[in-house]
Amino acid sequence: MKRQKRAAAIHDISCFGKCSLTVALPILSAAGIETAVIPTAVLSTHTGGFTDFTYRDLTADIRPIMAHWKSLKLDFDAVYSGYLGSFEQVSIVKDFIKMFRSDETLVLVDPAMADGGQLYKTFEPPFVEEMKGLCAHADLIVPNITEAAMLTGETYRDGPYEKAYIERLLRGLLSLGARQAVLTGVWFDERQYGAASLGCSDSAPHYVFSPRVDGFYHGTGDVFASALLAARMNGRSLEDSARIAVDLTCGSILRTKAAGTDLRFGVNFEEGLPAFIRALGL
Ligand code: PXL
């Protein structure tokens with residue numbers, strides 16, 4: 001019998017606003033993956049566009065959770081980290097990877113810390129250096145263009161982009177130490193929007209696009225990274241996984257645009273899950 005795959009997802013829980021764990025858990029579960037979670041903080045909402053959100057830091061709980069899991073001899077097919085609230089949390093995730101990684105474990109790091117050319121409100125510039133260190137422990141990293149520019153020291157530019165800039169970012173990302181990188185928020189003209197992927201032995205990036213929709217849709221980076229990981233864990237190639245992730249993300253944006261909801265409230269990815277499951281062949 002095929003063994004069910006198991007992932008450990010280490011992100012915050014933003015109670016309202018659909019991102020981080022409230023996106024990762026349903027998407028991975030829908031893809032048939034058992035998902036253990038480590039909530040790094042509990043916030044009333046995410047920090048994008050909301051003020052007065054509550055923030056309870058759970059750093060002190062993480063190492064005891066890890067120790068308990070180790071005593072149970074748990075192992076993971078994937079470790080998936082996203083938004084992390086402090087330097088200490090980054091260093092704990094590095095330790096988590098060392099403690100739980102086997103030869104088959106896929107470590108995906110989403111260096112969720114910035115967008116639109118700026119760090120999220122809760123971060124200061126030195127955090128970027130810390131995140132670089134975590135990326136070195138990953139197999140696969142999934143930044144947006146802002147994060148990629150910060151991590152590689154390239155100047156941040158607004159699109160439309162040139163292929164040479166995207167390729168420079170991707171090569172810079174791989175030089176941090178990961179074997180594969182997928183860059184989100186890539187567009188070369190007003191009609192299309194998507195992702196570029198590169199593996200360390202690839203001669204050129206691979207691109208996947210969907211129709212471009214204007215506006216900043218919150219949580220789409222988490223929808224994308226979660227779907228990408230779900231597809232990789234179901235045995236899809238990096239390119240196929242990027243296609244599946246772009247389709248779920250774009251469909252979620254289109255549904256949300258049609259509904260006209262507040263963009264801070266997150267995207268309607270839930271109604272895209274049946275098609276996502278079909279795309280995975282499940
Ligand atoms: O989607 C990334 C994310 C995750 N968690 C929190 C955030 C954000 C982005 O703003 O604020 C708390």
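At what angle do the axes of helix α3 (residues 87-100) and helix α4 (residues 126-135) cross? The model is predicted: local features need pLDDT of at least 70, side-chain atom pairs count only at pLDDT 80 or more, and totals for chains, interfaces and linings use all residues. Residues are numbered from 1 along each chain as its sequence is written, and side-chain values use heavy atoms, with hydrogens and water left out.

Select α3 and α4 (helices are DSSP runs of H or I, at least four residues; strands are runs of E, at least two; both are numbered from the N terminus). Their axes, lines fitted to C-alpha atoms over the stretch in contact, come within 10 Å and cross at roughly 0 degrees, on a scale from 0 to 180 degrees between N-to-C directions. The two helices are therefore roughly parallel (angles under 35 degrees). In contact (heavy atoms within 4.5 Å) are F87, V90, V93, K94 and I97 of α3 with P126, F127, E130, G133 and L134 of α4.

Next, select strand β10 (residues 192-199), where six of eight residues are buried (under 20% relative accessible area, 1.4 Å probe, protein chains only). Strand β9 (residues 180-186) pairs with β10 (pairing requires at least two DSSP bridges) in the antiparallel sense over six bridges; L183 is bridged to A196. On β10, S197 has H206 of strand β11 as bridge partner, and a hairpin of six residues joins β10 to β11.

Finally, select S252 in helix α8 (residues 238-259). S252 is buried, at 0% relative accessible area, and a polar atom of its side chain lies 2.6 Å from the backbone oxygen of L248.

How values were computed
Buried < 20%, exposed > 50% of the residue type's maximum accessible area, 1.4 Å probe, protein only. Polar contact = N/O pair within 3.5 Å; in protein donor to acceptor, adjacent residues only side chain to side chain. Parallel < 35°, antiparallel > 145°, perpendicular 65-115°, else oblique.
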